[in-house]
Amino acid sequence: MAMTKSLIDTTVAGKENSDEQTILKKLFKMLFNLPPTVSSTEAVIDIINTTQEQVIKKGMIDPESQKSLISFYESADIETAREEEIIRSILEVIHEIRNIRHQNIKSLLQSQRSSTFLKLLQVTATRMPVWFPRHDEQPPPLCGAIEPLPSYVAKSGDLVAALVKQSGEERWIVAEAVAFKNGRYEVEDIDVKETNRNFTLEKIYVKPLPLMRADPVTCPDAFFPCNQFVLAMYPQTTCFFKALVKASPKTSYDGYEVLFEDDFNQYTIMMVVSQRFVVSYPSLEIIHKDDEMIVEY
């Protein structure tokens with residue numbers, strides 16, 4: 001006998017819960033092993049500080065102290081690198097857990113009321129991982145305001161900003177990439193209230209949304225500057241509009257402070273939009289496109 005949809009959904013949900021529990025156990029084990037590593041690093045740093053204080057009191061550094069300090073610094077470098085790798089591994093596991101929960105949120109989006117739907121959408125913004133550089137590493141594409149490479153193609157399930165025609169007017173909406181075939185995207189409007197939700201679009205009419213949050217301390221260049229125009233998702237909607245940046249995020253958890261431009265070239269009151277839903281403003285030739293470029297499927 002064929003399985004009912006509800007039974008299939010229950011089975012899938014059960015597997016996801018099982019996967020999450022397995023990963024959580026892995027996370028707890030990694031967190032348990034972290035303090036000894038941190039203590040080891042701190043112990044070496046304490047030795048370095050003590051040795052340096054002794055050198056300062058002497059007013060000079062003798063060859064033996066110099067040799068010891070070099071050895072301690074090398075040990076500290078090794079211990080710090082080990083600690084960094086463990087923390088990065090922990091962050092990757094946390095991201096795995098967030099991805100599992102994000103899939104659960106996506107299924108909830110299909111059945112929730114508008115207000116709950118929009119709140120859940122904002123949750124996806126806070127669950128984006130924060131990018132942390134290694135030494136002088138530069139932020140990668142789709143970290144904050146960093147543009148994707150020209151050859152980049154959004155993966156199935158990724159959120160994008162898509163220029164579509166609905167109810168007789170063109171608008172930028174939050175959509176989910178479904179597939180990429182023959183140079184065109186197939187996307188689906190995430191707003192289940194819309195009757196025509198599926199579109200096939202040329203690549204230039206689809207802008208992948210950021211995959212990582214930027215931190216202004218470690219990568220200040222990964223943000224849109226003040227007084228630059230951007231496309232930002234208007235609060236309590238799933239549509240993007242032209243906006244003027246008035247303040248960049250002060251932490252990785254903050255959003256942009258923007259002023260939205262209306263049809264009369266006037267500005268709204270200041271509003272806050274998360275990094276997840278702010279992308280570069282498109283070139284003029286993209287803003288008004290031919291009707292033939294949109295194909296509903």
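The points below go through side-chain contacts, cysteines, backbone angles and one surface patch in this predicted model.

1. Salt bridges overall. Across the whole structure, the search returns 9 salt bridges. Three of them are taken up in the next points, including one within a helix and one that joins distant parts of the chain.

2. Arg82 and Glu79. These two side chains meet in a salt bridge, with a distance of 2.8 Å from N to O. Both residues belong to helix 2, which covers residues 63-109, and because they are 3 residues apart there, about one helical turn separates them. The two partners are covered to differing extents, since Arg82 is partly exposed at 40% relative accessibility, whereas Glu79 counts as buried at 15%.

3. Glu85 and Arg134. A further salt bridge is formed by the side chains of Glu85 and Arg134, at 2.6 Å from N to O. This pair links distant parts of the chain, as Glu85 sits in helix 2 while Arg134 sits in the loop between helix 3 and strand 1, 49 residues apart. Glu85 is partly exposed, with a relative accessibility of 38%, and Arg134 is likewise partly exposed, with a relative accessible area of 35%.

4. Lys181 and Glu186. In this salt bridge the closest N and O atoms are 3.9 Å apart, a value to be read against the cut-off of 4 Å that applies to such a pair. Lys181 is partly exposed at 49% relative accessibility, while Glu186 counts as buried at 17%.

5. A nonpolar patch at the surface. Ile87, Leu91 and Phe132 together make a nonpolar surface patch of about 220 Å². Of these residues, Phe132 is placed in the loop between helix 3 (114-126) and strand 1 (159-166), the loop that also holds Arg134 of the salt bridge with Glu85. Phe132 is partly exposed, its relative accessible area being 34%.

6. Aromatic pairs. The count of aromatic pairs comes to 5. One of them is formed by Tyr234 and Phe260, a tilted pair with 4.8 Å from centre to centre and 55 degrees between the planes. Tyr234 lies in the loop between strand 6 (229-233) and strand 7 (239-247), and Phe260 lies in strand 8 (residues 256-260), so the contact ties together parts of the chain that are 26 residues apart in sequence. Tyr234 is partly exposed, with a relative accessible area of 26%, whereas Phe260 is buried, with a value of 2%.

7. Other contacts of aromatic rings. Phe223, Phe224 and Tyr256 form one aromatic cluster. Separately, a charged side chain is placed over a ring, with Lys242 lying over the face of Phe229 at 4.3 Å from the ring centre.

8. Cysteines. How many disulfides does a search of the whole structure find? The search finds 0. For Cys143, the closest cysteine sulfur is that of Cys219, at 4.6 Å, which is too far for a bond, because a disulfide would require the two sulfur atoms to be within 2.5 Å. Cys143 is buried, with a relative accessible area of 0%. Cys239 also counts as buried, at 15% relative accessibility.

9. Positive phi at Asn182. Most residues other than glycine have a negative phi. Asn182, although not a glycine, has a positive phi of about 55 degrees. Asn182 lies in the loop between strand 2 (169-181) and strand 3 (184-189), and with a relative accessibility of 83% this residue counts as exposed. The ranges of the two strands place Lys181 in strand 2 and Glu186 in strand 3, and these are the residues that form the salt bridge of point 4.

10. Positive phi at Asn227. Asn227 is another residue other than glycine with a positive phi, here near 65 degrees. Its place is in the loop between strand 5 (206-208) and strand 6. At 53% relative accessibility, Asn227 counts as exposed, a value to be set beside the cut-off of over 50% that applies to this class.

Technical notes. Residues are numbered from 1 along each chain as its sequence is written. This is a predicted model: local features need pLDDT of at least 70, side-chain atom pairs count only at pLDDT 80 or more; totals for chains, interfaces and linings use all residues. Side-chain values use heavy atoms; hydrogens and water are left out. Patches are made of residues with over 30% relative accessible area and no salt bridge: like charges are joined within 9 Å, nonpolar side chains (Val, Leu, Ile, Met, Phe, Trp, Tyr) within 5 Å. Accessible areas come from the Shrake-Rupley method with a 1.4 Å probe; for residues, only the protein chains shown count as cover. Helices (H or I, at least four residues) and strands (E, at least two) are DSSP runs, numbered from the N terminus. Buried means under 20% relative accessible area, exposed over 50%, partly exposed in between (1.4 Å probe, protein chains only). Rings of Phe, Tyr and Trp (its six-membered ring) pair if their centres lie within 6.5 Å; planes under 30 degrees apart count as stacked, over 60 as edge-to-face and the rest as tilted. A charge sits over a ring if NZ of Lys or CZ of Arg is within 6 Å of the ring centre and within 35 degrees of the ring normal.
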